[in-house]
Protein chains: 2
Amino acid sequence: MSAFTKLQQQFKRLSRIQHAAAICGWDQAAMMPEGGNNARGEALAELSVISHQLLTAPELDDWFEEAHEEITDALDIANLATMKRAWQHATLLPQDLVEATSIANSRCEHAWRQQRKNNDWQGYNTNLKEVVRLAREQAGYFAEHAGLNRYDALMDIYEPGMSSHKVDNLFGEIKTWLPGLIDEAEEIQKTRQVITPQGPFPTEQQRQLGLNIMGLLGFDFQHGRLDTSTHPFCGGVPEDVRITTRYDEQNFMSALLGVIHETGHARYEQNLPRTLAGLPVGQARSMGVHESQSLFFEMQLARSLPFTRLIAPRIAEAFQRQQDPAFSADNLYQLNTRVKRGFIRVDADEVTYPAHVILRYEIERELIEGGIDTEHIPDLWNEKMESLLGLSTAGKNDIGCMQDIHWAGGAFGYFPSYTLGAMYAAQLFNAAQQHLPGLEEKIGNGDLGGLFEWLNKAIWSKASTLSTDELMRQATGEALNSHYFKQHLQQRYLA
Amino acid sequence: MSAFTKLQQQFKRLSRIQHAAAICGWDQAAMMPEGGNNARGEALAELSVISHQLLTAPELDDWFEEAHEEITDALDIANLATMKRAWQHATLLPQDLVEATSIANSRCEHAWRQQRKNNDWQGYNTNLKEVVRLAREQAGYFAEHAGLNRYDALMDIYEPGMSSHKVDNLFGEIKTWLPGLIDEAEEIQKTRQVITPQGPFPTEQQRQLGLNIMGLLGFDFQHGRLDTSTHPFCGGVPEDVRITTRYDEQNFMSALLGVIHETGHARYEQNLPRTLAGLPVGQARSMGVHESQSLFFEMQLARSLPFTRLIAPRIAEAFQRQQDPAFSADNLYQLNTRVKRGFIRVDADEVTYPAHVILRYEIERELIEGGIDTEHIPDLWNEKMESLLGLSTAGKNDIGCMQDIHWAGGAFGYFPSYTLGAMYAAQLFNAAQQHLPGLEEKIGNGDLGGLFEWLNKAIWSKASTLSTDELMRQATGEALNSHYFKQHLQQRYLA
């Protein structure tokens, strides 16, 4: 058996362990009774240990060396490169650093849950300092190996090929027009009347509506399901994708848009090529590209006027509100495109959202590069919120720099993916419009097959066989360009 | 670290992998969409491989040797013995035999699902022959090691310490009075009027009733849940027990008694001592003892008149049938104690059930010992059904010897556990009555705490720290004695 084949078999074994971990993780969030948590935590940790052992088995050194000589095909080369990347991430760090990081991150994240509620910055900062120290140390190892600076080395985990230089350009450009666009949009919307639908909207009716719209969006129920969890997510495995939402009986739109968002993630997963199943090259390209699919579904498609017209009757029917003016397509559209600056990222609309991401990016980059320390965060946060959104978080760290789980859990370099995803999505939707004449009309008629076929060909079926730049070039004719995102916001919000 | 400690750590690792397998297995039965099946099968197989590797790691040889010298405490000795037993079961068989068996059993079981529907004995027999050949070979390895005959060596997997000699005595005794008791009971019941409750009984109402009765029976919802699956079972892990049922909208009693049965299994699991969690000595004693708990709940408790009186009002309320005479306690009691001989084991009442088990036991023992071959099964089955229940299965193998999954999947030596469980349950209930004066009245009043406390002390908390004989002796004053089962049936069915 060739070394290349042996590597593929090892990675398929790994993916089977990760299958078990994904299902147990989903179960923990969606099904497990509280009392099972300790045992589950131990079981998941054991699966991590086994995964790490498979990925760092000593024989892999030789296999990787030999495999390079064995292959010439472009797909094989991409396949080998993605395996090697995963292997290097697992082997570059000394074991005691991995363990220290795991302990520090867990401690910080666990304490943060209470500290955030108490607006206890001092307590949080004590733990966060150590998390940052270890993240810098980790980043140092990755950076040295890849010849990158530290922050770029961390961002590369989530967004391979992306650099802070590129992000600076993209985000810098956005910063030039975003505050003005927010002002204008709010001004325009001031005079518009929007009727808030009045609940209650029973959970079971909301769930049925969600399932209905998932069907419309092509979710494959033979390979996935919808459930409920406190924090919505898309989990499971490509063969069996588990999406979750949460229901608010006073506001059905939140769960519905959440379901649509996760359905975007799910269709990407469900349509990854089965021929590459279990191999890193068969996985989604990056966090940003993944987010581009959820935002394509949620922002580009679901909050558009044609799609709102398509589903408004289904929504009204689900709750028996066919005569209620709040359920008209125009009103629902106004409702789903309202711009309102606020403190909380996860509650932000698509116009103000990039401001939340940009400020986090700017702070975390400096944190990892060592330009600032954790004690500088609250003031910087306040300053940037003032400048981007005109809001002060002075003394309000609970709704400021303590609101997210990412840093508490040691995930630095992830935040840019959200806005990169929004930009990819806008650029992809624009390309789809070029490729599919009459797209808006088709969407209004519920004729979505062509759009999904295009996405499948352009993104889903490609998995990680191309670099992100090349993926975007083949799909849209150029690498990521923030112009399309700006154009999208202008057309939707300044019209 | 002592060898004994290292062994315990290794077995705890193993139990964490088995935790993941248990949850993924539950999910496969209760949650997974059809299309996830192949990937799930591969993931579960990988977890088996990992478990086997942990259990057969070469260093265990030395650890077991050294550990014997390190311990003197009785609990430690039992702990070591149960670990050693699991290790020997995993290491005794040559790898190629394990693989051949796994393939033959899967093939036979898979084909059986269709062959049974088609009453295709010839097709089934072709595969079963190979399954039996390999089971005999496996049994040979175990038998040689343990100094037992082949069948006893297989039965010992499920029922440690049990022997065909003991089972022959127990079942032989039952055979002397069972056919007569069935005749008498049917005769007595002939003249009784039983009203069958008329459906539909909506699934959600049935589920709520099941949850209600689970609560009454002390199921700990912080450490477990109730779901739906085609074949009801009790799965998960002691910290998080997953029971399932299936609902028939025309017959609520079937799901309700199923839930009560699985709750018996669940309470045993939920009350295994946490101090021994993850160790073989902390697991349930045997399949028969496990079944004794489910049958204690279902047969001894739930089908009794006092308990029926206790729950009849809850049942009537669940379906809003407070005025329906079918829902009177007396009618429900008649309904739940009806004796009716039939072909299908899983549909049998508690009086005819032992006949189904005894005939299977007699046939499978001869099969494994080599006294008969698979082609003799249909005639023997027919003969024994005629003699025990007066029913002919000639030409009806689909409802005869092809009805069960056990042999198709290579599980020989399991069947006795069902009736051993029924006998343990009767003996335990009798002992509980001796220990708890006024038990029937307490049950009627819903005062079940004392009974569960007694079961916990006698059985649940003991896990595998005692042999089954010793467990029964400490709980009831004597080892298993079929007298109590006979007495139970006589009191309930001939009164």
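**A histidine pair, a chain interface and some salt bridges**

Let's start with A:H265, which sits in helix α10 of chain A; helices here are DSSP runs of H or I with at least four residues, strands are E runs with at least two, and both are numbered from the N terminus. Keep in mind that this is a predicted model, where local features need pLDDT of at least 70, side-chain atom pairs count only at pLDDT 80 or more, and totals for chains, interfaces and linings use all residues. Residues are numbered from 1 along each chain as its sequence is written, chains are lettered from A and ligands numbered from 1 in the order in which they are written, and side-chain values use heavy atoms, leaving out hydrogens and water.

A:H265 is buried at a relative accessible area of 10% (buried is under 20%, exposed over 50%, partly exposed in between, with a 1.4 Å probe and protein chains only). Skip everything up to four places away in sequence, and A:H265 touches A:C234, A:H290, A:E291 and A:S294, contact being heavy atoms within 4.5 Å. Helix α10 of chain A, residues 252-270, also holds A:H261. With 12% relative accessibility, A:H261 counts as buried. Beyond its neighbours within four places in sequence, A:H261 is in contact with A:E291, A:S294, A:L295 and A:E298.

What does UniProt list under "binding site" here? The unreviewed entry gives A:H261, A:H265 and A:E291. These residues are spread over 31 residues of sequence, yet they cluster in space, with a largest C-alpha distance of 8.9 Å. The positions follow the numbering used here, the feature names are shortened, and such annotations may be inferred rather than shown by experiment.

Over in chain B, helix α10 (residues 252-270) is home to B:Q270. Is B:Q270 buried or exposed? B:Q270 has a relative accessible area of 7%, so this residue is buried. With neighbours within four places left aside, B:Q270 contacts B:G218, B:F219, B:D220, B:H223, B:G224, B:P238 and B:V241. Take B:F219: 51 residues separate it from B:Q270 along the chain, while their C-alpha atoms are 8.2 Å apart. There's a polar link too, as a polar atom of the B:Q270 side chain lies 3.0 Å from the backbone oxygen of B:D220.

Now for the place where chain A meets chain B. Each chain brings its share: 32 residues from chain A and 32 residues from chain B. Together the two chains bury about 2800 Å², with 59% of that on carbon and sulfur atoms; buried area is the accessible area (1.4 Å probe) that two parts lose on being put together, summed over both.

How many residue pairs are in polar contact between chain A and chain B? The count is 16, with both residues at pLDDT 80 or more. (A polar contact is a pair of N or O atoms within 3.5 Å; within protein, one must be able to donate a hydrogen and the other to accept it, and residues adjacent in sequence count only if both atoms are side-chain atoms.) On the chain A side, the elements that give two or more residues are α1 (3-30), α2 (37-55), β1 (224-228) and β3 (240-245). That side divides into 14 nonpolar, 7 polar and 11 charged residues, where Ala, Val, Leu, Ile, Met, Phe, Trp, Tyr, Cys and Pro count as nonpolar, Asp, Glu, Lys and Arg as charged, and the others, Gly among them, as polar.

Charge pairing shows up across this interface as well, with 10 salt bridges between chain A and chain B (a side-chain nitrogen of Lys or Arg within 4 Å of a carboxyl oxygen of Asp or Glu). One of them joins A:D240 and B:R40, at 3.4 Å from N to O. Another pairs A:R16 with B:E46 at 3.2 Å, N to O. This pair crosses from helix α1 of chain A to helix α2 (residues 37-55) of chain B. B:E46 is buried, at a relative accessible area of 6%. A:R16 and B:E46 also belong to a salt-bridge network with A:R13 and B:E42.

Over all chains, the structure holds 60 salt bridges. Within chain A, A:E204 and A:R207 form one at 3.2 Å, N to O. They are 3 residues apart in helix α9 (residues 203-216) of chain A, so about one helical turn separates them. A:E204 is partly exposed at a relative accessible area of 42%, and A:R207 is partly exposed at 29%.

In chain B, B:D404 forms a salt bridge with B:R360, their closest N and O atoms lying 2.5 Å apart. Here the partners come from distant parts of the chain, 44 residues apart: B:D404 from the loop between α15 (377-389) and α16 (416-435), B:R360 from helix α14 (residues 353-369). B:D404 is buried at a relative accessible area of 8%, and B:R360 counts as buried at 0%.
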